[in-house]
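Trainee: I should be grateful for a close look at the salt bridges, followed by an account of the strands. Please go step by step, as I am new to reading structures.

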Amino acid sequence: MDTRVPPVPMEPAVAAMLRLQGHDPDAVAGLIADVLTHVHCSLPDPPTSVDARLSSLLPHDAVDRVSSLPDVLLGNIVSRLPIKDAARTAALSRRWSGVWRSAPLVLIDSHILPAGAAIGRADTRRVTSAVSYVLGAHPGPFRCVHLTSSYMEEFHGLLTRWLQTLAVKGIQELVLVNRPWPLDLVLPATFLSMTTLTRLYLGLWKFPGTAGVPRATCFPNLRDLGFSTVRMESRDLDFMLDRSPVLETLCVGGNMFKHPLRLVSQSLRCVKIIGCSFEEISVVNAPRLERLIYSGGWTGDGVCTKVKIGHAPKLDLLGYLDARRHVLEVGNTVIKAGVKASPSTMVSSVRILALEVCFGVRNDVKMILTVLRCFPNVETLHIMSGETDQPLGKLNLKLWNEFGPIECICSRIKLLGFHDFRGDRSELAFLKFFVGSALVLKQVMIVSSFTSKEDARSKVLPLLSMKWVSAGTKVMVHCSNYQSNIRSFKRASDFSLGDPFVDC
């Protein structure tokens with residue numbers, strides 16, 4: 001399914017200005033579409049579908065059975081319809097006249113427009129008018145509101161009034177995305193008064209300063225919190241964590257922070273950080289934290305992000321740790337290549353570990369081997385094979401064997417996922433070392449960078465022809481169109497998925 005946001009239609013005056021500045025309007029429109037695609041990819045799914053339809057009659061049945069259902073069930077049905085259809089149910093009959101107004105409101109503004117259409121400014125004006133009507137007409141409570149289809153720059157005062165209405169009428173789930181540009185449009189601080197929120201997701205805003213916010217400000221019911229390409233200070237993120245006593249899931253994407261992220265929470269279970277710049281991510285005190293997902297971050301030349309694991313006794317899943325961009329610290333010990341593992345440097349709770357490594361770079365390999373010794377109870381290991389501009393060394397099987405046995409490989413790991421496999425000799429050497437050491441290995445999943453499955457299998461043949469120490473291991477080879485969408489809000493935080501790095 002293609003989830004890319006269509007390029008945004010550009011007004012002639014804006015296109016002319018861009019040309020005068022030496023920019024290609026089509027390229028800028030494509031860039032905006034890419035940004036919006038990344039933001040929308042990480043949004044939580046709405047509880048309604050634009051394809052939902054209501055029919056009170058079954059085929060070949062003249063009896064209206066739906067209208068005889070109890071009010072609570074009718075309200076549940078209406079709340080699952082696109083907003084246009086939900087409001088129209090009031091005209092069906094006297095029985096339906098009050099159902100929409102009495103049911104908790106679900107408003108997805110993108111459902112007001114034709115599905116898949118590019119959204120221009122004229123379209124957003126129609127959406128804005130419809131949203132204002134719905135928010136005023138419905139008495140509340142508001143179960144879920146997604147506002148993602150408006151150029152908020154044009155309606156900033158109206159947005160403030162919308163947020164006031166949402167706060168008064170008991171909003172539970174709010175997704176609020178600004179259509180770029182500008183990226184420095186300040187989000188009205190009105191949302192800080194929404195004490196009924198259970199989920200909040202913000203995209204493409206500048207976060208309001210929290211220095212002067214009343215001490216009593218709190219989100220007592222907030223369980224899911226997400227920021228995507230939101231300009232904010234680390235202290236503002238600390239503020240949100242501190243004022244959300246039952247928060248379980250934090251998702252941050254596309255953000256740049258000058259200061260460390262300090263995770264201090266008695267309730268957090270899942271933290272997902274995608275495409276962000278942090279100088280340090282420190283798990284200070286998170287006794288319920290089970291998942292720490294970090295992928296696609298960037299830093300300056302020669303600068304690494306420190307990932308510090310403090311008090312997190314329930315941490316079950318960690319990744320991707322990158323030998324080039326991350327420095328791991330366990331307790332008070334910085335893990336460097338060659339450091340001997342000890343009880344104080346081990347994270348025994350982690351069962352699912354994801355690493356990124358350039359197999360042709362000896363220092364990266366030595367670092368990853370040292371890191372593996374810090375996680376003795378890993379049962380599932382995911383490896384992302386990275387690329388580098390450095391000259392590649394020749395790491396053959398003999399050199400791998402010289403590194404010696406690693407406890408988790410020998411006696412714990414049951415599933416190995418190898419992603420972005422290119423068939424390099426250094427990659428094959430690692431895989432041969434692994435399957436020649438893993439006594440309890442049950443499954444190997446190789447995701448190749450090749451588009452052809454036949455090409456991918458041909459590169460794996462040398463591995464399949466050798467003797468494996470674990471008999472009966474199942475091997476699956478996928479080509480590059482097989483992807484685990486770890487960017488997905490739902491995928492990372494869905495604890496019914498045992499391993500969010502693997503597609504089911």
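Mentor: Let us begin with R422, which forms a salt bridge with E427; the closest N and O atoms of the two are 3.7 Å apart. Please keep in mind that this is a predicted model. Both partners of this pair, R422 and E427, are buried. Elsewhere, D322, R324, R325 and E356 are joined into one network by salt bridges that share partners. In total, 15 salt bridges are counted.

Two further salt bridges deserve your attention, and E329 takes part in each. In one of them, the side chains of K306 and E329 meet at 3.1 Å, taken from N to O. This pair links distant parts of the chain, with K306 in strand β11 and E329 in strand β13 (residues 326-330), 23 residues apart. In the other, E329 meets the side chain of K308 at 3.5 Å, again from N to O. Here too distant parts of the chain are linked, since E329 lies in strand β13 and K308 in strand β11, 21 residues apart.

Are these three residues buried or exposed, or do they fall in between? E329 has a relative accessible area of 7%; the limit for a buried residue is under 20%, so E329 counts as buried. K306 has a relative accessibility of 27% and is therefore classed as partly exposed. K308, at 23%, is likewise partly exposed.

Strands β11 and β13 lead us to the sheet that contains them. Which strands form this open sheet, and in what order? There are five, arranged as β7-β9-β11-β13-β14, and their pairing is mixed. The edges are occupied by β7 (261-264) and β14 (333-334); each has a single partner strand, so one side of each lacks a neighbour in the sheet. Within the sheet, strand β9 (residues 280-285) pairs with strand β11 (residues 305-311) in the parallel sense, over five bridges. You can locate this pairing by finding S282, which stands opposite K308 in β11. As a general point, the strands of a sheet pair through backbone hydrogen bonds, and the pairing may be parallel or antiparallel.

Let us turn next to strand β6, at residues 249-253. Why is this strand described as largely enclosed by the rest of the structure? The reason is that five of its five residues are buried. Both of its faces are covered: T249, C251 and G253 are buried on one side, and L250 and V252 are buried on the other.

Strand β6 also has parallel partners. Strand β5 (residues 224-228) runs parallel to β6 and is joined to it by five bridges, with L225 standing opposite L250. Between these two strands, the chain passes through helix α8 (residues 234-242), and this β-α-β crossover is right-handed. Strand β8 (residues 270-274) is likewise parallel to β6 and joined to it by five bridges; in this pairing T249 stands opposite C270.

Finally, consider the chain in full. It has 504 residues, of which 50% are buried, and it contains 14 helices and 19 strands. Among contacts between residues at least 6 apart in sequence, 70% join residues at least 24 apart. The accessible surface of the chain comes to about 23,000 Å², and carbon and sulfur atoms account for 54% of it.

How values were computed
Residues are numbered from 1 along each chain as its sequence is written. This is a predicted model: local features need pLDDT of at least 70, side-chain atom pairs count only at pLDDT 80 or more; totals for chains, interfaces and linings use all residues. Side-chain values use heavy atoms; hydrogens and water are left out. Buried means under 20% relative accessible area, exposed over 50%, partly exposed in between (1.4 Å probe, protein chains only). Helices (H or I, at least four residues) and strands (E, at least two) are DSSP runs, numbered from the N terminus. Two strands pair if DSSP finds at least two bridges between them. A crossover is right-handed if, with the strands pointing away from the viewer, the path from the first strand over the helix to the second runs clockwise. Contact means heavy atoms within 4.5 Å. Accessible areas come from the Shrake-Rupley method with a 1.4 Å probe; for residues, only the protein chains shown count as cover. A salt bridge is a side-chain nitrogen of Lys or Arg within 4 Å of a carboxyl oxygen of Asp or Glu.
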